[in-house]
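Welcome! Let us walk through this structure together, asking at each step what earns a feature its label.

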Amino acid sequence: MQNPFVFGNPVKEQEFLGRGREVRRIVSRISSGGQSVAVTAEPGMGKHSLLRFLSAPKRRQELYGELAARLFFQYIDAPTFSDTFSQAQFWQLALQPVAENLHVINTPLVTAAYETCKSEGFGVYGLERLFAQMQLANWRLALMLDEFDNLLNHPVLNKSEFYGGLRSLASRFESLTLVTASRQPLEKLNESTQNYSRLGSPYFNFMVQIALSAFSEKDSNTLLMRGDPYFDKADRDYLAYIAGGHPFLLQAGGYALWEAYLDGETERQTRWENTARELLDS
């Protein structure tokens, strides 16, 4: 049998579980006027998996209802940017779903606004015209910006013009929603960019922070039930205890214990010790 536990890579959309409260709040904000969200958590808590789940094509109708037909998503992973990656390149990438679906939008004013925005190098004023026309035509774009705090060290994008543009566009137009994921909380992000906003409000105060915590006992147990037919209640209790509800550690521990069973180890204590040892090394 194939090991049902996955760690190191984001979980697939169909294997995503838990986070019901967080999903509900984020979906509500996206659906209610395109309000932006900052997801914060330590590594391994499932930020990436959450963003992928929220934008998964097969889940959109279920999550967003009638809005799904008029809602584009673009996932962007900030660590992939080169040191010379520019603001124009960022917006060209961000708007890719819009550019590829202009025939679906089928609104001359939106098409004209996009073409003008592109010819002007995706400047702020061109972007304002585009999102204004998209809003009038009732189309929306949700940008899922993963590892957003990486931008604080980017030699080109870590500038007031870029942050100010994001803030202005997302707060003024329902047609643009930002969902960022980062290790640093909003308070730290605002502190790190305060030199750029001394005369105004903090750049990121238009966003609501949603912090990911450990899995509940119920969600931890649901995940560990994937260990059937090998895992019994004692195994699940042990894994839940050593992982402390941490999603990555639950997956890694489940993977290690499953492999111990496949290796033919018959002593429970030895299986548990081997699992704990591998968990410390992961």
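A salt bridge is a side-chain nitrogen of Lys or Arg within 4 Å of a carboxyl oxygen of Asp or Glu. Keep in mind that the model is predicted.

Q: Why is the pair Asp228 and Arg236 called a salt bridge?
A: The closest N and O atoms of Asp228 and Arg236 are 3.9 Å apart. The rule asks for a nitrogen and a carboxyl oxygen within 4 Å, so the pair qualifies as a salt bridge.

Q: Is Asp228 buried or exposed, or something in between?
A: Asp228 has a relative accessibility of 35%. Buried means under 20% and exposed means over 50%, so Asp228 counts as partly exposed.

Q: What makes Arg236 count as it does?
A: Arg236 has a relative accessibility of 14%. Buried means under 20%, so Arg236 is called buried.

Q: How many salt bridges does the rule give?
A: The count comes to 10 salt bridges. One of them joins Arg140 and Glu174, whose closest N and O atoms are 3.7 Å apart.

Q: What makes Arg140 and Glu174 a link between distant parts of the chain?
A: Arg140 belongs to strand 3 (residues 140–146), while Glu174 sits in the loop between helix 9 and strand 4, and the two are 34 residues apart.

Q: Why is Arg140 called buried?
A: Its relative accessible area is 11%. The cut-off for buried is under 20%, so Arg140 fits the label.

Q: Why is Glu174 called partly exposed?
A: Glu174 has a relative accessible area of 37%. Partly exposed lies between the 20% and 50% limits, so Glu174 belongs there.

Q: How do you know that Asp235 and Arg268 form a salt bridge?
A: The closest N and O atoms of Asp235 and Arg268 are 3.2 Å apart. The limit is 4 Å, so the pair meets the rule. Asp235 lies in helix 12 (residues 233–243) and Arg268 in helix 14 (residues 268–281), so the bridge ties together parts that are 33 residues apart in sequence.

Q: Which labels do Asp235 and Arg268 get for accessibility?
A: Asp235 has a relative accessible area of 0%, so Asp235 is buried. Arg268 has 31% relative accessibility, so Arg268 counts as partly exposed.

Q: Which residues are linked in a network of salt bridges?
A: Glu13, Arg59 and Glu62 are.

Q: Why is Glu128 called buried?
A: Glu128, found in helix 8, has a relative accessible area of 17%. Since buried means under 20%, Glu128 earns that label.

Q: What does Glu128 touch, not counting residues up to four places away in sequence?
A: Glu128 touches Ser168, Leu169, Arg172 and Phe173.

Q: Why is Gln133 called partly exposed?
A: Gln133 has its place in helix 8 (residues 124–136), and its relative accessibility is 23%. Buried would need a value under 20% and exposed one over 50%, so Gln133 is partly exposed.

Q: Which residues is Gln133 in contact with, leaving aside its neighbours within four places in sequence?
A: Gln133 is in contact with Leu109, Val110 and Ala113. The C-alpha atoms of Gln133 and Phe173 are separated by 9.9 Å, and these residues are 40 apart along the chain.

Q: What makes a space a cavity, and how many are found of 30 Å³ or more?
A: A 1.4 Å probe fits in a cavity but cannot get out. The search of the whole structure finds 1 cavity of 30 Å³ or more, and about 30 Å³ of space lies in the largest cavity.

Q: How do the residues lining the largest cavity divide by class?
A: They divide into 8 nonpolar, 1 polar and 1 charged. Among the lining residues are Phe148, Tyr163, Arg167 and Thr180. The largest share, 3 residues, comes from helix 9.

Q: What lines the largest pocket?
A: The largest pocket is lined by 26 residues, of which Pro10, Gly44, Met45, Gly46 and Ser49 lie nearest its centre. By class, the lining has 12 nonpolar, 7 polar and 7 charged residues. About 530 Å³ of space lies in this pocket.

How values were computed. Residues numbered from 1 in each chain as written. Predicted model: local features only at pLDDT ≥ 70, side-chain atom pairs only at ≥ 80, totals over all residues. Heavy atoms only, no water. 1 Å grid on protein atoms, 1.4 Å probe; cavity = no way out; pocket = protein on both sides within 12 Å on 5 of 7 lines; lining within 4 Å. Points joined across faces, edges and corners; volume = space filled by probe spheres on them. Helix = DSSP H or I, 4+ residues; strand = E, 2+ residues; numbered from the N terminus. Nonpolar A, V, L, I, M, F, W, Y, C, P; charged D, E, K, R; others polar. Buried < 20%, exposed > 50% of the residue type's maximum accessible area, 1.4 Å probe, protein only. Contact = heavy atoms within 4.5 Å.
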